[in-house]
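Grab your viewer and a coffee, and let's work through a few exercises together. Try each task yourself before you read its solution.

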Amino acid sequence: MYYNNREIEAFLAAGPSPYRMNYPLSKASTFRIGGNAAFAVSPQTEEELASLLDYCRREKLYHAVIGNGSNVLFDDEGFDGMIILTSALNRIAAEGELLMAGCGVPLTKLAAEAEKNGLGGLEFAYGIPGTLGGAVYMNAGAYGGEMCCVIRQVGWYDPESGVQGVFENRDCAFGYRDSVFQHRDLIVLWASLSLQRRERSLIRADMNDYMSRRREKQPLEFPSAGSTFKRFPGYFTGKLIEEAGLKGFTVGGAQVSEKHAGFVINRGNATASDVKRLIEAVKDRIYRQNGIRIECEVRFIPSVGGSAESEPKASSDRAAESLQ
Ligand SMILES: Cc1cc2nc3c(=O)[nH]c(=O)nc-3n(C[C@H](O)[C@H](O)[C@H](O)COP(=O)(O)OP(=O)(O)OC[C@H]3O[C@@H](n4cnc5c(N)ncnc54)[C@H](O)[C@@H]3O)c2cc1C
C-alpha cells in the first residue's frame, strides 16, 4: 500500500497525541524484536484514540493497537502504518467492589490497586506483564484465574464503523485465550471489574506467592512473549515440548527456553523469522510425535495489511529439517 507519509505526519503534527516516525518496534514488544513502524502514536485520551482510528479508516491506513506488546511478535520488516500505543490511557477508579480502568493500565498495577482497596479476585493477574486492554482481548489468565471471571463490563470502539459501545461480560464471548474482540477487531477502551472484599494481607500473600512462582519457573531474564503456545486440551504444552527433547532447541537467536519449554526466548539477536521458524519446527515435531496440532498464543503482527494473526506465516522447511 502506498501512503503519503507527509500528509500523515502533517495530520499527527496538528493533533495532540505524541508521535514518532520510524519507531523501532523492538521497543514496543517484550520479545525485543521487530523492524520500524512508519508511525507510532500515543493517544492521551479515549477521544484521541478514537480520532486516530477514524483517520486510519478514512485514509485506509493500516494500524494496530498495542498495549505492552507482551503477547505479540512484530515483523522484521516493521509495520507500514500506524502503531497506536495505549500506555497513556491509564486512569483507575474504585467504587465499592468495582474497579474501573483504562485499557492501558498495566495488569500488575491494577492488581496492586485492588489490593490497596481491599478487593480480592485479581491476585492471579499480578505479574502478567500486559495491559488491561491486551488482557481482555486475550482473556489472560494464570493460577486458576482468568479475566473473564472478574470482568463486568467492557467499553469498546469499532474502528470500522466508528461506533462505540459497552459489552456486559456475557457479550464478550470469552474462551480460553479468546474473546469477541479478536474476531470483530473491536478496540477495548476501558473495563470494569467486579471484585470482592478480602483481607489485604491475604491478597498480598497470594500476589507475592504468584510472583515468586513466576520468578522461579519462567525465564524472565530473557526477552519473550510468555507462553508461546496455547494449552492443548488434556496436555501441558511445555511438558510435551520438553518430552520431545526440544528444550534448548535453537534457530538463529531464538531458543526454546531451557528453564521452561513453553517459552520461546530471544537470546539477544533473534529475528522474527528465527522465532517463526522455531515455532513451526516445534509444532511439526509435536504433530509427528503426538499427533496433535498445538496452536500459538502469541499474535503475529504482519508488516502490511490485515489484522493480528494467530499463526505465523513463514516457511518452516529449514528448521523442520534440522529437527529430523
Ligand atoms: C514473561 C511473560 C509472562 C506472561 N504470563 C502470562 C500469563 O501468566 N497468563 C497470560 O494469559 N498471559 C501471559 N503472558 C502474555 C501477555 O502478558 C498477555 O497475553 C497480556 O494479556 C497481553 O497484554 P498486552 O497489553 O501486552 O497486549 P499486546 O501484546 O500489546 O497485544 C496482544 C493483542 O491484543 C491486542 N490489543 C492490545 N490492546 C488492545 C486494546 N486496547 N484493544 C483491542 N486489542 C488490543 C493487540 O492488537 C494484540 O493483537 C505473559 C507474557 C510474558 C512476556
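Below are five exercises, each with a worked solution.

This is a predicted model, where local features need pLDDT of at least 70, side-chain atom pairs count only at pLDDT 80 or more, and totals for chains, interfaces and linings use all residues. Numbering starts from 1 along each chain as its sequence is written.

**Exercise 1. Domains**

Task: find the domain bounds and the distance between the centres of domain 2 and domain 3.

Solution. Start with the assignment, which is an automatic or database one. It gives domain 1 (5-85), domain 2 (92-214) and domain 3 (221-323). Next, take the centres over C-alpha atoms: those of domain 2 and domain 3 are 27 Å apart.

**Exercise 2. The ligand shell**

Task: work out which residues and elements surround the ligand.

Solution. First, collect the residues near the ligand (C-beta atom, placed from the backbone, within 6 Å of it). You should get 34 residues, and the closest are G67, G130, G133, G134 and G226.

Second, map them onto helices (DSSP H or I, at least four residues) and strands (DSSP E, at least two), numbered from the N terminus. Strand 3 (63-66), helix 4 (132-138), strand 9 (141-142), strand 13 (187-194) and strand 15 (224-227) each bring at least two residues. Helix 4 tops the list with five.

Third, sort by class: Ala, Val, Leu, Ile, Met, Phe, Trp, Tyr, Cys and Pro are nonpolar, Asp, Glu, Lys and Arg charged, and the others, Gly among them, polar. The tally is 18 nonpolar, 15 polar and one charged.

**Exercise 3. The mixed sheet and its helices**

Task: give the strand order of the open sheet with mixed pairing, then place helix 1 and helix 2 on it.

Solution. Look for pairs of strands, meaning at least two DSSP bridges between them. Four strands line up as 1-2-5-3. Strand 1 (19-24) and strand 3 are the edges, each pairing on one side only. From one strand to the next, the twist averages 30°.

Now zoom in on strand 3 and strand 5 (79-85): they run parallel over four bridges, and A64 faces I83 in strand 5.

For the helices, use contacts (C-beta atoms, placed from the backbone, within 7 Å). Angles run from 0 to 180 degrees between N-to-C directions, with axes fitted to C-alpha atoms, for helices over the stretch in contact. Helix 1 (5-14) lies across strand 1 and strand 2 (36-41), at about 25° to strand 2. Helix 2 (46-58) touches strand 2, strand 3 and strand 5, and its direction makes about 165° with that of strand 5.

**Exercise 4. Antiparallel pairs**

Task: describe how strand 11 pairs with strand 12, and how strand 15 pairs with strand 18.

Solution. Strand 11 (151-158) and strand 12 (163-168) are antiparallel over six bridges, with W156 opposite G165. They make a hairpin with four residues between them, and G162 in the turn has a positive phi of about 75°.

The other pair sits in an open antiparallel sheet of four strands, ordered 15-18-17-16. Strand 15 and strand 16 (250-251) have a single partner strand each, so one side of each lacks a neighbour in the sheet. Strand 15 and strand 18 (263-266) share two bridges, and S227 is partnered by F263.

**Exercise 5. Unusual phi angles**

Task: are A173 and R177 buried or partly exposed?

Solution. Most residues other than glycine have a negative phi. A173, though, has a positive phi of about 45°, and R177 one of about 50°. A173 is in the loop between strand 12 and helix 5 (180-184), as is R177.

Now count other C-beta atoms, placed from the backbone, within 10 Å: 20 or more is buried, 12 or fewer exposed, in between partly exposed. A173 has 15 such neighbours, so it is partly exposed. R177 has 20, so R177 is buried.

Definitions and conventions
Two residues are in contact if their C-beta atoms, placed from the backbone, lie within 7 Å.
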